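Please explain how the strands and helices of this model are arranged, one region after another.

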Protein chains: 2
Amino acid sequence: MTATIICPGFKAAGVTAGIKKNGEKDLGLIVSETDASAAAAFTRNLIKAAPVILDEERIRKGICRAIIVNSGNANCCTGIKGMEDALEMARVTASELGISEKFVLTASTGVIGEQFPIEKITAAVPGMINALSSDGFTNFAQSIMTTDTYPKIVSQKGNLDGKVYTVTGIAKGSGMICPDMATMLAFICTDVEIAPDILKDTLATATERSFNRITIDGDTSTNDTVIIMANGCSGAVVKNDVQKETFQNILADTMLSLAKMIVKDGEGATKLVEIIVKGASSDKDARIVADTVANSSLVKTALFGEDANWGRIIAAAGRSKAPVEPDQIDIFFNDVLMVKNSTGRGSAAELDATDILNKPEFSITLDLNMGTGYAAVFTCDFSIDYVKINADYRT
Amino acid sequence: MTATIICPGFKAAGVTAGIKKNGEKDLGLIVSETDASAAAAFTRNLIKAAPVILDEERIRKGICRAIIVNSGNANCCTGIKGMEDALEMARVTASELGISEKFVLTASTGVIGEQFPIEKITAAVPGMINALSSDGFTNFAQSIMTTDTYPKIVSQKGNLDGKVYTVTGIAKGSGMICPDMATMLAFICTDVEIAPDILKDTLATATERSFNRITIDGDTSTNDTVIIMANGCSGAVVKNDVQKETFQNILADTMLSLAKMIVKDGEGATKLVEIIVKGASSDKDARIVADTVANSSLVKTALFGEDANWGRIIAAAGRSKAPVEPDQIDIFFNDVLMVKNSTGRGSAAELDATDILNKPEFSITLDLNMGTGYAAVFTCDFSIDYVKINADYRT
């Protein structure tokens, strides 16, 4: 999050276009100096924002040069005019950069259903292009924030056959977050050389391991978008299975770091909690139980209250629709066994649990003792500030 | 809710047994003077409290004389001791009343997983039996409250073939409420004469029309129980289809009144909102969309903020997994058309909507314009007080 974050062959910028009422940065741009392989993952919500519909079409070519992103308005439920505006946003960017508009992707985040302020955006594009620089990622990360309280950037280096390469990711949260394909906006730049189809496959696997394992409020956004661009500048090549796995691990690690930053900065959140379910009949059943616990308002308010109210955890497991044996569930807070065979272990365990609940990060494990199914998701607590933020969001 | 609420042939009481820390009433009893036909509906949560498991067995005979209920402890996840305690609670009640213990049902509500205070309950039973009176329903209703802010009683009269009969229902909420079979505790007394199998059928239909249509927080309880007793005192007979439908309508109406009282008194709730979905592909799909909107934390916090943020409503519909046409959804607040073909109707409609959102009760209708599927559920808003209540529940 310092000014030294770069990714070779990429430039970025973030400026104020006047979309947000508070005068903060609200328009960002990432540009690759050369044609980059590109892949993306989008929301599974049937209500999709105009930029999502546009990008889904354009990403099929597997090539991208630039991504323009605004915050403060989601450009969703804006009708035909909204789609015209998304196209115009890309067209003006391409024209000013002197590149083909087919290679420009767009993304938007903010309020749904308000008319899109396209004039403010097109007016700000020339100045934003002047502001492009190789260390502009922090400004970019700031420009895509909505209720986020800090910008989210992760940069890592890897090594492939002696060539050092970089993976730099930027993401934003922090409401309407629920794991379903991709989650909110994330942009990843890398200088490896990789074919679009391999990149697509790698991104899908890394998304499953990262953004699809987090939840803040169980509400899947209409604008969720993850886009990766790979421009080959480092000379590091990802082609065979070994190279692919090496790169995929670094990519998934980068994306998981961003995903955890999103949950920690969830609206009003004070805690990052990993919900682990093991011993389920299948991985799928484990995931159903983990998601139900992770999205339970009663569990999340108890986490906020630092109350080891495991009855709410076991009740959520019981209503999840996945099979559970009512009398043989064990529950751990970190390594402390709180519940054995669905019965509490008493006040000593409660005291240990309270120590854990006071921490900003910890895990809750449910062992269903039925099979080998496993899943782990990240959630946050549900605070008074979540309600305050979301009761007043549009005002 | 005055002292004049009765149901012929029934007596009730509510006393303080010392289970609740605050010294309020926490033990209640309803007794029928004669053997009553009885039916019940229970939670579908796989984790069931001991009294639910006990009642599921005993209700099969279709006869009940008494129901003893405590608040302050759910007797759930309490192991074999919990089941022994539920049996003991029924046994002592039967012994003191001089009736068969097979005809005594029990119910518990409160914290899950804490050891059950059976000694406090058995010690309080004789005094509670002395306190039984035909106008004791208000005391009973108070004794089963947890986070409820007021007792919930509805009493109605009906007429069958010239015989006047009474239906008196008592219920409690007000957290861990989500429609799935029955919801929390409700007890209904009536003096019609009806066979247990017809009563069971009637109760199931009435439950679908009432308690299964409400949600507060999407969390289905481990203790949900609805029990009806019919003692025949009025001489009104429910036997043929016409009589059954007449009685069923009054019963469903009584239960819906109780269900709406539960939502209005939902933890921290300030509004009662009916979510209506029409024009869906099927009734089932309509219900999926209605439930998703009704349980969305973002929708519910916007309702609390009196913000006509319909983008969150349409986004919830889009992620519900039921089919929707993204471009042809209409949304009404009461009769005001806010959204036509998935696009907002502007600031005049917003102003009208704000007037509606200020009211304590209103409806939101989504017309999917695809078919004839219909569903309607009741929800409440999600307030700062909900978080406060649930962060501190056990302390």
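In this predicted model, strand 7 of chain A is covered on both faces. In a regular strand the side chains alternate between the two faces of the sheet. On one side of strand 7 of chain A lie Leu185(A), Phe187(A) and Cys189(A), on the other Ala186(A), Ile188(A) and Thr190(A), and all are buried. The strand spans residues 185–190, and six of its six residues are buried, leaving it mostly covered.

Strands of a sheet pair through backbone hydrogen bonds, either parallel or antiparallel. Strand 7 of chain A takes part in both kinds of pairing: it runs antiparallel to strand 6 (residues 163–172) of chain A, with six bridges, and parallel to strand 9 (residues 225–230) of chain A, also with six bridges. Towards strand 6 of chain A, Cys189(A) has Thr168(A) opposite, and Leu185(A) has Lys172(A) opposite. Towards strand 9 of chain A, Leu185(A) stands opposite Thr225(A).

Strand 6 of chain A is itself largely enclosed by the rest of the structure, because eight of its ten residues are buried. Besides its pairing with strand 7 of chain A, strand 6 of chain A is joined by nine bridges to strand 5 (residues 152–160) of chain A, and these two strands run antiparallel. Within this pairing, Lys157(A) has Thr166(A) of strand 6 of chain A as its bridge partner. Strand 5 and strand 6 of chain A form a hairpin with two residues between the strands, where Asp161(A) takes a positive phi near 50°.

Positive phi values also occur in two loops, one in each of the chains named here. Cys77(A), a residue other than glycine, has a phi near 60°. Cys77(A) is placed in the loop between strand 3 (63–71) and helix 2 (79–97) of chain A. Is Cys77(A) buried or exposed? Cys77(A) has 27 C-beta neighbours inside 10 Å and therefore counts as buried. In chain B, Asn369(B) has a positive phi of about 55° although it is not a glycine. The loop that holds Asn369(B) lies between strand 15 (361–367) and strand 16 (373–380) of chain B. Asn369(B) counts as partly exposed, because it has 16 C-beta neighbours inside 10 Å.

The two strands that flank Asn369(B) belong to an open sheet of six strands in chain B, with the order 14-13-12-15-11-16 and mixed pairing. Strand 14 (343–344) and strand 16 of chain B stand at the edges; each has a single partner strand, so one side of each is left without a neighbour in the sheet. Strand 16 of chain B pairs with strand 11 (residues 272–280) of chain B in the antiparallel sense over seven bridges. In this pair, Ala376(B) of strand 16 of chain B is the bridge partner of Ile276(B). Helix 6 (residues 241–264) of chain B lies across strand 11 and strand 16 of chain B and runs at about 50° to strand 16 of chain B. Helix 7 of chain B also packs on the sheet, where it touches strand 11, strand 15 and strand 16 of chain B; its direction makes about 20° with that of strand 16 of chain B.

Two packed helices are described by the angle between their axes and the distance between the axes. Helix 7 (residues 283–295) of chain B packs against helix 9 (residues 310–318) of chain B at an angle of about 135°, with the axes 8 Å apart. The two helices are therefore oblique to each other, and helix 7 of chain B passes helix 9 of chain B in a right-handed crossing. Helix 7 of chain B contributes Val289(B), Thr292(B) and Val293(B) to the contact, and helix 9 of chain B contributes Ile313(B), Ala316(B) and Ala317(B). By class, these residues are five nonpolar, one polar and no charged.

Another helix pair in chain B consists of helix 1 (residues 50–58) and helix 2 (residues 79–97), whose axes come within 8 Å and cross at roughly 55°. Helix 1 and helix 2 of chain B are therefore oblique to each other, and the crossing is right-handed. Ala50(B), Pro51(B), Ile53(B) and Leu54(B) of helix 1 of chain B meet Gly82(B), Met83(B), Asp85(B), Ala86(B) and Leu87(B) of helix 2 of chain B. This contact has seven nonpolar, one polar and one charged residues.

Note on methods:
Residues are numbered from 1 along each chain as its sequence is written. Chains are lettered from A and ligands numbered from 1 in the order in which they are written. This is a predicted model: local features need pLDDT of at least 70, side-chain atom pairs count only at pLDDT 80 or more; totals for chains, interfaces and linings use all residues. Axes are lines fitted to C-alpha atoms, for helices over the stretch in contact, and angles run from 0 to 180 degrees between N-to-C directions. Helices (H or I, at least four residues) and strands (E, at least two) are DSSP runs, numbered from the N terminus. Angles under 35 degrees count as roughly parallel, over 145 as roughly antiparallel, 65 to 115 as roughly perpendicular and the rest as oblique. A crossing is left-handed if the near helix is turned anticlockwise from the far one by less than a right angle, and right-handed if clockwise. Two residues are in contact if their C-beta atoms, placed from the backbone, lie within 7 Å. Ala, Val, Leu, Ile, Met, Phe, Trp, Tyr, Cys and Pro count as nonpolar, Asp, Glu, Lys and Arg as charged, and the others, Gly among them, as polar. A residue is buried if 20 or more other C-beta atoms lie within 10 Å of its own, exposed if 12 or fewer, and partly exposed in between; C-beta atoms are placed from the backbone. Two strands pair if DSSP finds at least two bridges between them.
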